[in-house]
There are 2 protein chains.
Amino acid sequence: MKKIAESTVRRLSLYLRYLEEFEKLGHDTISSGQLATSGGTTSAQVRKDLSFFGSFGKRGMGYSTRELTSRIRGILGLERTWRLVIVGAGKIGSALAGHRGFRDRGFEVVGIFDADPHRVGHTLLGVTIADVKSLERDVKRLRPDMAVLAVPPEAAPDVAARLATVGVKAILDFSTAPLHLPADVTVRRMNLALELEILSYALTNR
Amino acid sequence: MKKIAESTVRRLSLYLRYLEEFEKLGHDTISSGQLATSGGTTSAQVRKDLSFFGSFGKRGMGYSTRELTSRIRGILGLERTWRLVIVGAGKIGSALAGHRGFRDRGFEVVGIFDADPHRVGHTLLGVTIADVKSLERDVKRLRPDMAVLAVPPEAAPDVAARLATVGVKAILDFSTAPLHLPADVTVRRMNLALELEILSYALTNR
DNA sequence: TCCTGTGAAATTCTTCACAGCC
DNA sequence: GGCTGTGAAGAATTTCACAGGA
């Protein structure tokens with residue numbers, strides 16, 4: 001497959017949300033223009049994004065909401081359930097673990113780990129917090145596809161490396177520490193302070 | 001000032017973290033190459049990013065960590081404290097509100113709001129949760145610079161609009177709902193499900 | 001020699017504009 | 001008439017490559 005820009009993938013994921021919304025409202029078709037308004041982009045952009053994967057629309061008509069939804073789900077690999085472990089059961093980790101929205105979208109939390117003995121043994125939405133010491137053993141057993149890293153920054157590189165050695169190929173990292181991982185491990189970052197600083201820049205240089 | 005790409009601003013914010021790290025380790029200078037390795041980019045990119053704002057380095061030497069740190073803080077507008085309100089004291093909102101890291105980085109939580117009467121009146125790190133009904137009145141009094149939106153998606157557009165009418169010009173939004181706001185309001189989005197879907201795409205099309 | 005600063009080239013991403021189909 | 005699909009143009013961003021100062 002031709003290489004697709006990350007920005008395109010991100011927009012597809014957004015389109016998917018609006019499509020689901022639209023479908024719920026009972027609309028059978030949607031035009032690139034309508035999708036564009038929801039996603040804050042242009043109709044040409046929407047058509048271009050979709051064109052990388054095929055032609056799903058009907059000229060003069062737009063796209064079948066149902067079909068486009070299913071196509072995008074297929075493109076993004078959302079036709080299956082992904083198994084997820086969360087490492088770090090602090091404020092962020094447990095907020096995530098307790099978030100039902102994941103399972104609904106096909107991401108199942110199969111394990112939670114923490115280094116703090118006070119937390120080990122507690123249960124979040126049916127999953128018992130395990131000691132991070134047994135990470136490797138448990139990960140081998142649980143076979144997660146992805147890991148969410150919500151540990152203190154100083155622990156992040158080590159935990160990430162350990163996850164990689166037992167075969168985890170995708171990590172969502174809430175720290176900012178530089179992780180050096182094999183090239184076949186995909187890492188995405190979420191960092192609140194970073195986003196706030198971008199807002200700070202915008203306010204300062206408006 | 002010339003328009004600077006968002007990607008540049010994001011990288012500056014990352015550089016800042018590594019610089020702080022570096023400074024702590026007692027290094028007086030840092031080269032573009034060293035910053036690049038930490039930030040996952042190239043030395044040319046680092047130099048180009050910095051060159052938009054001036055020339056801070058010494059040829060043959062690199063950059064003074066102390067000076068560069070302070071320059072970037074200046075560029076990003078981090079020489080002051082920013083006042084922040086959090087709307088939505090659910091799992092995510094309260095995890096954020098309880099996160100001491102903000103204050104340390106110059107973002108002070110001055111107000112928290114929720115629609116649930118069971119939550120109103122409780123206190124998080126010294127800030128009492130107020131009823132979202134009094135949002136306008138309280139925001140006028142608290143004069144926040146930014147708002148973090150952690151409400152259910154269906155409530156997001158309304159709350160965002162209300163924040164905008166009382167003068168909030170920067171919003172960090174955890175929902176995916178399309179907000180339509182005046183052009184002078186900067187919005188940044190954080191969406192976990194979206195990031196997980198990008199990982200799903202990466203795993204599916206590796 | 002080492003490393004910055006920066007035009008110029010290369011690449012990537014977005015927008016335009018229109019033929020073609022419903 | 002309305003809207004898609006897509007080459008071609010245009011804009012933005014990254015990389016190259018090298019002159020020049022410490």
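1. How many positive and how many negative side chains does chain A have, and how far apart do the centres of the two sets lie? In this predicted model, chain A carries 30 positive and 22 negative side chains, and the centres of these two sets are 5 Å apart.

2. On the general build of chain A, the secondary structure comes to nine helices and nine strands, and the C-alpha trace spans about 60 × 45 × 35 Å along its principal axes. Of the 206 residues in chain A, 51% are buried. Among the contacts in chain A with a separation of 6 or more, 55% are accounted for by residues 24 or more positions apart. The area that chain A exposes is about 10,000 Å², and carbon and sulfur atoms supply 52% of that area.

3. Turning to DNA strand C, there are 23 residues around this strand, and those that come nearest are B:Ser32, B:Arg47, B:Gly57, B:Gly60 and B:Tyr63. Of the atoms of DNA strand C that come within 4 Å of the protein, 62% belong to sugar and phosphate.

4. The polar contacts to DNA strand C can be described by the part of the nucleotide concerned. An N or O atom in the side chain of A:Arg11 is 3.0 Å from a phosphate oxygen of the strand, and a polar backbone atom of B:Phe56 is 3.1 Å from a phosphate oxygen of the strand. For B:Arg47, the partner is a base nitrogen of DNA strand C, which is 2.7 Å from an N or O atom in the side chain of that residue.

5. In terms of secondary structure, the elements that each supply at least two residues of the surface near DNA strand C are α1 (6-24) and α3 (43-51) of chain A, together with α3 (43-51) of chain B. The element that gives the most to this surface is α3(A), with four residues.

6. For DNA strand D, which residues come nearest among the 24 around the strand? They are A:Ser32, A:Arg47, A:Ser55, A:Gly57 and A:Tyr63. Of the atoms of DNA strand D within 4 Å of the protein, sugar or phosphate holds 58%, while the rest belong to bases.

7. Polar contacts to DNA strand D involve both chains, as the following residues show. A polar backbone atom of A:Phe56 is 3.1 Å from a phosphate oxygen of the strand, and a polar side-chain atom of B:Arg11 is 3.0 Å from a phosphate oxygen. B:Gln45 has a polar side-chain atom that lies 3.3 Å from a sugar or linking oxygen of DNA strand D. Two or more residues of the surface near this strand come from each of α3 of chain A and α1 (6-24) and α3 of chain B, and the largest share, four residues, is that of α3(B).

8. A last point concerns B:Arg17, which lies in helix α1 of chain B. Is this arginine buried or exposed? B:Arg17 counts as buried because its relative accessibility is 8%, under the 20% cut-off. A polar atom of its side chain lies 2.8 Å from the backbone oxygen of B:Ser13. With neighbours within four places in sequence left aside, B:Arg17 is in contact with A:Thr176, A:Asn191, A:Ala193, A:Leu194 and A:Glu197 of chain A, and with B:Arg105 of chain B.

Note on methods: Residues numbered from 1 in each chain as written. Chains lettered and ligands numbered in written order. Predicted model: local features only at pLDDT ≥ 70, side-chain atom pairs only at ≥ 80, totals over all residues. Heavy atoms only, no water. Buried < 20%, exposed > 50% of the residue type's maximum accessible area, 1.4 Å probe, protein only. Contact = heavy atoms within 4.5 Å. Areas by Shrake-Rupley, 256 points an atom, 1.4 Å probe, with all protein chains shown as cover. Lys, Arg positive; Asp, Glu negative; His and termini not counted. Charge placed at Lys NZ, Arg CZ, Asp CG, Glu CD. Near = heavy atom within 4 Å. Polar contact = N/O pair within 3.5 Å; in protein donor to acceptor, adjacent residues only side chain to side chain.
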